[in-house]
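Visitor: I would like a close look at a single part of this protein, beginning with one residue and its surroundings. Please then carry on to whatever else helps to place that part within the whole.

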Amino acid sequence: MRHNLNRYHAIETTDLKGAVDKKTAVSLVKISRRGREMQKSPIRKLAAIAEARKKQGIHVYHLNIGQPDLPTPSPVLDAMHKISRRTIEYAPSNGLPESLKAWGKYFGHSGIIFDESELIVTTGGSEAITLAMCAVCDADDEIIVFEPTYANYNGFAGIANVKLRAIPTAIESGFHLPSEEVIESFVTNRTRAILYCSPSNPTGTIYTREEIQRFVNIALKHGLFILSDEAYREFSYEKKAISIAEFTQVRDRAIVLDSCSKKFNVCGVRIGVLASHNKEVISTILKFCQARLSVATVEQLSMIPLLENPEPYTRPIVEEFKRRRDLVCEELKTIPGVVSYIPEGAFYIVVGLPVKDSEHFSRWLIEEFEYERETVLLAPAQGFYVTPGKGINEVRLAFMLNIDDLKQSLIILRKALEVYQRTF
């Protein structure tokens, strides 16, 4: 009997010890450093508050996100409805052959020549950028960017375990680039690439041929890749956006990153592309693509009609956004204390506000302020900077709304600034 009691005691002790060990183990479990350091989206961070205000009967004008309000071209939906395949199968990891052919035609319309073997279809431009980072950098290597920069570059770099090294630009110059000497001073022994976006998200800046030549020279001198985010190529108003593909001297190190989302107003389709003449780059990225299997078959097929003949679809969208840009620029000039410029492309502008902290102002605007039961949602610009403390009095506006709504949203912004300056 005693033997049995001892046996039960041993089991009980073991069970207790196991429970303690499990508790200790749970306490030691923690999220990765890259997960903890991943920034929240500055574009979406106030969205939940906006939804709460809407439930209170407040109309919210969204100037925070680059989601065009225009209808998606009908051939996209028609193509989806007409797919007659018996099975929606995995696409090849580099893209469906007919999709690759269509992307080649798309680039050809802009005078950019890529062979189909030099293209990889991606899940939006986001995946293209992330894959490019992974292909050219090892852990803790550096990529040069120009800030303010697209906020999600920070997120992509976190996923790829890459460090962004930011070169500042200023609102006074319309966020154009500094001298070649200044850019070169940011190159270190860990620098592997230069990443830029032109026309720019978030500034709308289009870099001139001479500006691009500055970092082309640096890439040649220091053996760097150039990652060119050209998702807004068509949104060029007074002057043409210049592709890195036009600089033949960096043919071996240029990677073009593009997307259907904005040019065709199909943000939810999530089809992008990565293009390079460097065969080793393409074969390396293909290995990453094989690990994620493939891009959605139906969405690839749906984009073919637009890629093969883009201008009839892109031209009216661009014309409409030029009208919106012109209105925004004129209205901003009339708001006391606002610092602005004329963005040359895309559909964004970063503006300086007469406030000490644009994040505090933006939160107050969406959380507390209303004018005639309406308010505005902005994107604080701090999240578009890599350097802490930069952009503290700036916001990014995306002119996604129709002309009348844009006018009203800027009236509300003016009223809000008047109240805010008296209150804080």
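Guide: In this predicted model, the residue to begin with is Arg396, which lies in strand β12, a run covering residues 394-398. Arg396 is buried and yet has no salt bridge, for the nearest side chain of opposite charge, that of Asp229, is 10 Å away. A polar atom of the Arg396 side chain does, however, lie 2.9 Å from the backbone oxygen of Asn64.

As for the setting of this strand, the protein holds 14 helices and 12 strands, and its C-alpha trace spans about 95 × 60 × 55 Å along the principal axes. Of its 424 residues, 53% count as buried.

Another residue to consider is Leu70, which is found in the loop between β1 (59-62) and α4 (74-81). The C-alpha atom of Leu70 is separated by 9.0 Å from that of Leu401, although the two residues are 331 apart along the chain. Leu70 counts as partly exposed because its relative accessible area is 24%, a value between the 20% and 50% cut-offs.

Turning to the interior space, the structure holds one cavity of 30 Å³ or more, and the volume of the largest cavity is about 90 Å³. Its lining consists of 15 residues, of which Phe146, Pro148, Thr149, Ser200 and Tyr207 are the closest to the centre. Two elements, β3 (142-147) and β5 (191-197), each give two or more residues to this lining, and the largest share, three residues, comes from β5. By residue class, the lining divides into nine nonpolar, five polar and one charged.

Pro148 also takes part in a cis peptide bond, which joins it to Glu147 with omega at about 5°, and this proline lies in the loop between β3 and α7 (152-160). A cis bond is likewise found from Ser198 to Pro199, where omega is near -5°; Pro199 lies in the loop between β5 and α9 (209-222).

Most peptide bonds are trans, and most residues other than glycine have a negative phi. Against that background, Asp140 has a positive phi, near 70°, and its place is in the loop between α6 (124-136) and β3. Arg373 also has a positive phi, near 65°, and lies in the loop between α13 (358-367) and β10 (374-377). Asp140 counts as partly exposed because its relative accessibility is 35%, and Arg373 counts as partly exposed at 43%.

Note on methods
Residues are numbered from 1 along each chain as its sequence is written. This is a predicted model: local features need pLDDT of at least 70, side-chain atom pairs count only at pLDDT 80 or more; totals for chains, interfaces and linings use all residues. Side-chain values use heavy atoms; hydrogens and water are left out. Helices (H or I, at least four residues) and strands (E, at least two) are DSSP runs, numbered from the N terminus. Buried means under 20% relative accessible area, exposed over 50%, partly exposed in between (1.4 Å probe, protein chains only). Lys and Arg count as positive and Asp and Glu as negative; His and the chain ends are not counted. A salt bridge is a side-chain nitrogen of Lys or Arg within 4 Å of a carboxyl oxygen of Asp or Glu. A polar contact is a pair of N or O atoms within 3.5 Å; within protein, one must be able to donate a hydrogen and the other to accept it, and residues adjacent in sequence count only if both atoms are side-chain atoms. On a 1 Å grid over the protein atoms alone, a cavity is a set of points where a 1.4 Å probe fits but cannot get out, and a pocket is an open set with protein on both sides within 12 Å along at least five of seven lines; lining residues have an atom within 4 Å of a point. Grid points are joined across faces, edges and corners, and a volume is the space filled by probe spheres set on the points. Ala, Val, Leu, Ile, Met, Phe, Trp, Tyr, Cys and Pro count as nonpolar, Asp, Glu, Lys and Arg as charged, and the others, Gly among them, as polar.
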